[in-house]
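Below are some comments on the salt bridges in this model. Please read them with the structure open.

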Amino acid sequence: MKLMTENAVVVCTHETGIVGIVATQKLVRINGRRVLVERNPEGCPIVGCPNAAPPSKPCLTTLVVQNGYSGLLRINGKRICLDTVTGLTDGTPPGTVKYKVRNPGQVLAKEVG
């Protein structure tokens, strides 16, 4: 499993909805890019989701991460985000549309263990 950086590409499962994630920690970088930590993928805007035909609602925001935080690595007490991060969006039908990592934003660092 690779660590996510601020260059990560996260999408809703409709594939064209891109999540706007902002890194919050400033201590650890990979190739100059900040590593993402717990809560960075949550509550983020999603732009470009095509799921707009009524009665559907497009994915506009990420909800709580369900899987993908490291059980081993932390920065300032916050778990590091792995390339396995997934969670639900606010798109419809409720409780079915997820977001996922398309690209973790780096190829060098991996969690081992």
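**Notes on K100 and the salt bridges**

1. K100 is partly exposed, since its relative accessibility is 32% and the partly exposed class lies between the 20% and 50% limits. The model is a predicted one, and this value is computed from it like the others below.

2. K100 sits in strand β8, which covers residues 98–103. Apart from its neighbours within four places in sequence, K100 is in contact with V9, V10, V11, E15, V85 and T86. As a distance reference, the C-alpha atoms of K100 and L36 are 14 Å apart, with the two positions 64 residues apart in sequence numbering.

3. Of these contacts, the one with E15 deserves a closer look. The side chains of K100 and E15 make a polar contact of 2.7 Å. The pair also counts as a salt bridge, with an N to O distance of 2.7 Å, because the rule asks for a Lys or Arg side-chain nitrogen within 4 Å of a carboxyl oxygen of Asp or Glu. Side chains of opposite charge can pair when their charged atoms come close.

4. The salt bridge between E15 and K100 has an N to O distance of 2.7 Å. This pair links distant parts of the chain, with E15 in the loop between β1 and β2 (18–19) and K100 in strand β8, 85 residues apart. E15 is partly exposed, its relative accessible area being 32%.

5. E15 has another salt-bridge partner: its side chain meets that of R102 at 3.4 Å, N to O. R102 belongs to strand β8 and E15 to the loop between β1 and β2, so this salt bridge ties together parts that are 87 residues apart in sequence. R102 is partly exposed, with 44% relative accessible area.

6. Which residue forms a salt bridge with E6 at 3.8 Å? The partner is R33, and 3.8 Å separates the closest N and O atoms. R33 is in strand β4 (residues 33–34) and E6 is in the segment before β1 (9–12), so the pair connects parts that are 27 residues apart in sequence. R33 is partly exposed, at 32% relative accessible area.

7. To return to E15 and R102, their side chains meet in a salt bridge of 3.4 Å. Elsewhere, salt bridges with shared partners join E6, R33 and R34 into one network. The count of salt bridges comes to seven, and those described above are among them.

How values were computed:
Residues are numbered from 1 along each chain as its sequence is written. This is a predicted model: local features need pLDDT of at least 70, side-chain atom pairs count only at pLDDT 80 or more; totals for chains, interfaces and linings use all residues. Side-chain values use heavy atoms; hydrogens and water are left out. Helices (H or I, at least four residues) and strands (E, at least two) are DSSP runs, numbered from the N terminus. Contact means heavy atoms within 4.5 Å. A polar contact is a pair of N or O atoms within 3.5 Å; within protein, one must be able to donate a hydrogen and the other to accept it, and residues adjacent in sequence count only if both atoms are side-chain atoms. Buried means under 20% relative accessible area, exposed over 50%, partly exposed in between (1.4 Å probe, protein chains only).
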